[in-house]
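Let's take a walk through this model together. Have the sequence and the 3D view open, and we will go from the whole chain down to a single residue.

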There are 2 protein chains.
Amino acid sequence: MLALIAANGRAVVQHDRPAPVLAPGEALVRVTRAGICSTDVEVVRGYRAFTGVLGHEFTGVVVSAPDSAWAGRRVVGEINVGCGECATCRREGPEHCERRAALGIFGHDGAFAEFVALPQANLHAVPDHVPDDAAVFVEPLAAACELAERIHVRPAMRVVVLGAGRLGLLCAQVLALTGCDLTVVARRAATRALLAEWGIDAEADTQGLARACDLVVEATGSAAGFELARTLARPRGTLALKSTFHGLATVDLSAAVVDELVVAGTRCGPFDAALRLLAAGRVQVTPLIHARFPLAQGEAAFARAQEPGTLKVLLEI
Amino acid sequence: MLALIAANGRAVVQHDRPAPVLAPGEALVRVTRAGICSTDVEVVRGYRAFTGVLGHEFTGVVVSAPDSAWAGRRVVGEINVGCGECATCRREGPEHCERRAALGIFGHDGAFAEFVALPQANLHAVPDHVPDDAAVFVEPLAAACELAERIHVRPAMRVVVLGAGRLGLLCAQVLALTGCDLTVVARRAATRALLAEWGIDAEADTQGLARACDLVVEATGSAAGFELARTLARPRGTLALKSTFHGLATVDLSAAVVDELVVAGTRCGPFDAALRLLAAGRVQVTPLIHARFPLAQGEAAFARAQEPGTLKVLLEI
């Protein structure tokens with residue numbers, strides 16, 4: 001089958017990739033659409049030394065599954081594959097299993113291919129009126145929802161999102177749902193215009209922002225974002241980290257202690273909540289689509305996704 | 001008056017230091033005993049570019065105060081001096097005022113002197129049956145209590161304290177009060193013996209500890225402690241930072257995001273709670289006293305406090 005794989009620091013189209021071999025409990029999904037995420041870029045750069053099929057944001061149609069009732073259904077799929085047996089799997093789910101794999105990130109082939117295998121338990125049916133172009137955003141939107149799962153965001157809070165890229169714009173919309181006093185720092189005028197359409201306050205930089213934010217969401221995708229976020233949080237405020245990147249960050253931990261900050265990392269989130277928000281039209285995702293490429297042009301798609309200012313690049317399969 | 005000051009990267013005895021000039025609202029306290037803390041060492045090393053009288057852990061007797069009822073009372077004193085007017089002072093108290101000073105750390109002379117000035121509002125009376133040798137520990141014990149103020153520590157939690165120095169041993173005792181499943185990592189056999197006397201489990205290293213702790217308290221005083229603490233916390237666990245030091249730390253923030261850790265900095269704490277614990281004998285502090293020096297030998301005391309394995313060094317004034 002056709003696939004886009006990580007090889008020698010590049011994303012490379014492979015024409016003769018063998019079709020996935022199903023592990024026990026796994027379903028086979030014919031991928032119809034997939035999205036390129038900053039994590040994919042970091043994986044190619046060596047974030048997890050992965051050499052398989054890339055991709056973890058996708059929607060598709062079930063070809064086969066242990067429960068035949070799934071066959072033919074339009075689905076999205078959670079990306080973490082846990083052992084299902086350890087204390088962490090039982091308490092926290094597969095997201096934090098020590099032995100887990102993650103589709104297209106480590107230990108398991110991903111979805112930039114004609115077919116992807118994943119545990120049937122990871123499948124979520126997509127409502128008929130949610131188009132593929134929206135369903136493909138369920139995984140990153142769920143990650144944005146995880147902010148609200150891990151941090152109690154309230155109307156009385158002053159919140160700033162740093163970074164208005166693919167993930168930052170989804171985080172901003174999820175945060176806006178809470179009624180908090182929200183500002184998004186977005187360098188690009190086009191992004192600020194998009195935020196304005198959504199009724200979300202946007203600023204070009206942090207100049208006018210006081211060191212008084214109850215919550216600062218770091219979604220810049222860079223190590224430097226932590227220090228900037230830290231300087232905007234009020235004493236005893238919360239700093240939410242959304243970025244993962246290849247490499248270490250140099251940070252002023254002593255200052256975080258002196259200010260008694262809470263720093264919360266958040267990652268994968270609830271697919272059911274994300275699907276419900278999309279189905280209800282409470283979050284807008286299609287304005288984030290900046291380009292579409294057939295999978296055979298996956299290398300060009302990957303290059304495009306890395307151009308500054310590019311939001312979501314979709315692969316059509 | 002006699003004082004120990006920070007000068008050119010050293011702690012230096014000054015014999016002719018002018019007595020403190022009282023700001024409005026301040027009391028004058030004749031210091032009877034003071035303790036040397038790792039923060040004092042960091043201040044001398046340049047943590048806050050401070051050149052005044054060192055010291056913030058002390059007990060003494062009030063000489064004068066705006067309210068004359070304080071005169072002659074034995075007291076301890078909170079170290080943060082806020083403006084009292086800003087939103088932060090009103091909401092959080094002086095600990096986080098943007099314009100604050102901190103006794104012996106920045107902006108205000110400290111307590112390694114015959115006399116110290118501080119706001120009357122910062123005073124706490126010491127019960128008669130709490131001796132000076134215990135009262136001098138109120139400030140660091142309050143900082144240890146702040147752990148429980150900022151993090152909900154419960155009996156069902158697995159907790160590890162990394163670092164069994166001056167502050168780590170106080171943190172351990174405060175955490176032990178909660179009934180949590182506590183282990184302290186203490187390199188020195190003498191410290192482990194002390195912990196055993198208190199009924200607290202101690203290990204020489206982290207070899208036997210699984211990556212399964214609900215809460216890891218980093219009290220090593222070193223930047224490397226963060227990374228070690230991170231590897232012991234379970235996914236979605238909490239990492240409490242107690243150390244402040246001069247310099248930046250290089251940390252794997254991406255790993256903290258992937259594990260969805262909560263990192264909580266905690267600093268100064270409630271003096272009233274600390275006094276109550278001391279008065280009730282629920283925390284032991286005098287076994288931490290390793291040496292005593294008269295203030296005139298403050299330079300030797302400071303050197304002693306920096307010797308590996310030394311717990312509390314007191315100055316008698």
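The accessible surface of chain A amounts to about 12100 Å², and carbon and sulfur atoms account for 50% of it. Keep in mind as you look that this is a predicted model. Beneath that surface, 61% of the 317 residues of chain A count as buried.

What about overall shape? Along the principal axes, the C-alpha atoms of chain A fill a box of roughly 55 × 45 × 40 Å. The radius of gyration of chain A is 19 Å, which agrees with the value near 20 Å that a compact globule of 317 residues would have. Contacts tell you how the chain is brought together: among those in chain A between residues at least 6 apart in sequence, 67% join residues at least 24 apart.

Charges come next. Chain A carries 30 positive and 34 negative side chains, and the centres of these two sets lie 2 Å apart.

Now for the secondary structure, where chain A has 10 helices and 19 strands. As a reminder, strands of a sheet pair through backbone hydrogen bonds, in either a parallel or an antiparallel sense. A good place to start is strand 4 of chain A, residues 57-64, which runs antiparallel to strand 5 of chain A, residues 74-77, with 2 bridges joining them. Here A:V61 has A:R74 of strand 5 as its bridge partner. Strand 5 of chain A also pairs with strand 10 of chain A, residues 123-125, again in the antiparallel sense and over 3 bridges. In that pairing, look for A:V76 opposite A:H124 of strand 10.

Stay on strand 10 of chain A for a moment, and find A:A125 there. Is A:A125 buried, partly exposed or exposed? Its relative accessible area is 29%, so A:A125 is partly exposed, as this value falls between the 20% and 50% cut-offs. In sequence, A:A125 and A:V75 are 50 residues apart, yet their C-alpha atoms are 4.5 Å apart in space. Leaving out residues up to four places away in sequence, A:A125 touches A:W70, A:R73, A:R74, A:V75 and A:L275. One of these, A:R74, is the residue you met as the bridge partner of A:V61.

Finally, turn to chain B, where 3 strands form an open sheet in the order 6-7-8 with mixed pairing. Its edge strands are strand 6 (80-81) and strand 8 (107-108) of chain B, each pairing on one side only. Strand 6 runs antiparallel to strand 7 of chain B, residues 101-103, and 2 bridges join the two. To see this pairing, find B:N80, which stands opposite B:A102 of strand 7.

Note on methods:
Residues numbered from 1 in each chain as written. Chains lettered and ligands numbered in written order. Predicted model: local features only at pLDDT ≥ 70, side-chain atom pairs only at ≥ 80, totals over all residues. Heavy atoms only, no water. Pairing = 2+ DSSP bridges. Helix = DSSP H or I, 4+ residues; strand = E, 2+ residues; numbered from the N terminus. Rg over C-alpha atoms; globule rule 2.2 N^0.38 Å. Buried < 20%, exposed > 50% of the residue type's maximum accessible area, 1.4 Å probe, protein only. Contact = heavy atoms within 4.5 Å. Areas by Shrake-Rupley, 256 points an atom, 1.4 Å probe, with all protein chains shown as cover. Lys, Arg positive; Asp, Glu negative; His and termini not counted. Charge placed at Lys NZ, Arg CZ, Asp CG, Glu CD.
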